[in-house]
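Here are some short exercises on helix geometry and packing. Have a look at the structure first, then work through the solutions.

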Amino acid sequence: MSKSSWNNETDGNGRDNFWMGFIPSFILPFIILVIIFKTKYTTEKPLFEALYKFSATGLLGKDLLASTIICFVLLFVFNILKKERASMGAFVGVVPYIILTFWIM
């Protein structure tokens with residue numbers, strides 16, 4: 001028996017969960033940001049100290065914005081698959097990164 005969503009339409013496999021969208025969209029931008037930072041910049045300082053230094057100069061905002069693109073792809077995939085709760089979770093997970101991006105820039 002499958003779960004029903006907020007508008008009483010049942011999903012085929014019943015796997016529409018808020019956390020299924022929130023967790024990947026909250027973790028992936030940070031991982032991608034670290035990968036971008038490690039490949040783009042070379043520094044002798046520890047990672048978080050170097051991230052703080054580059055955020056003060058405004059260079060990190062563009063990289064953070066680029067790292068959130070995967071979350072928007074995830075959001076659209078959940079939307080196409082008609083996973084309403086997962087797409088809401090993906091949106092809620094990416095909002096702090098978007099706010100942080102415009103605050104840093």
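**Exercise 1: one helix**

Helix α5 bends by about 30 degrees at V94 (the angle between axes fitted to the seven residues ending there and the seven starting there), and a proline, P96, follows within four residues. This is a predicted model, where local features need pLDDT of at least 70, side-chain atom pairs count only at pLDDT 80 or more, and totals for chains, interfaces and linings use all residues. Residues are numbered from 1 along each chain as its sequence is written, and side-chain values use heavy atoms, leaving out hydrogens and water.

Task: compare the reach of α5 with the expected span.

Solution. Step one: α5 covers residues 84-104, which is 21 residues. Step two: the expected span, 1.5 Å times one less than the number of residues, is 30 Å. Step three: from first C-alpha to last, α5 reaches 31 Å, close to that value.

**Exercise 2: α1 against α5**

Task: describe how α1 and α5 pack.

Solution. Step one: the axes, lines fitted to C-alpha atoms over the stretch in contact, lie 6 Å apart at an angle of about 30 degrees. Step two: α1 and α5 are therefore roughly parallel (under 35 degrees). Step three: among the residues in contact (heavy atoms within 4.5 Å) are F22 and F26 of α1, and G89 and V94 of α5.

**Exercise 3: α1 against α3**

Task: what changes with α3 (residues 59-67) as the partner of α1?

Solution. Step one: these axes come within 8 Å and cross at roughly 130 degrees. Step two: the contact involves P29, I32, L33, I36, F37 and K40 of α1, with L60, D63, L64 and S67 of α3.

Notes. Helix = DSSP H or I, 4+ residues; strand = E, 2+ residues; numbered from the N terminus. Axes fitted to C-alpha atoms, helices over the stretch in contact; angles between N-to-C directions. Parallel < 35°, antiparallel > 145°, perpendicular 65-115°, else oblique.
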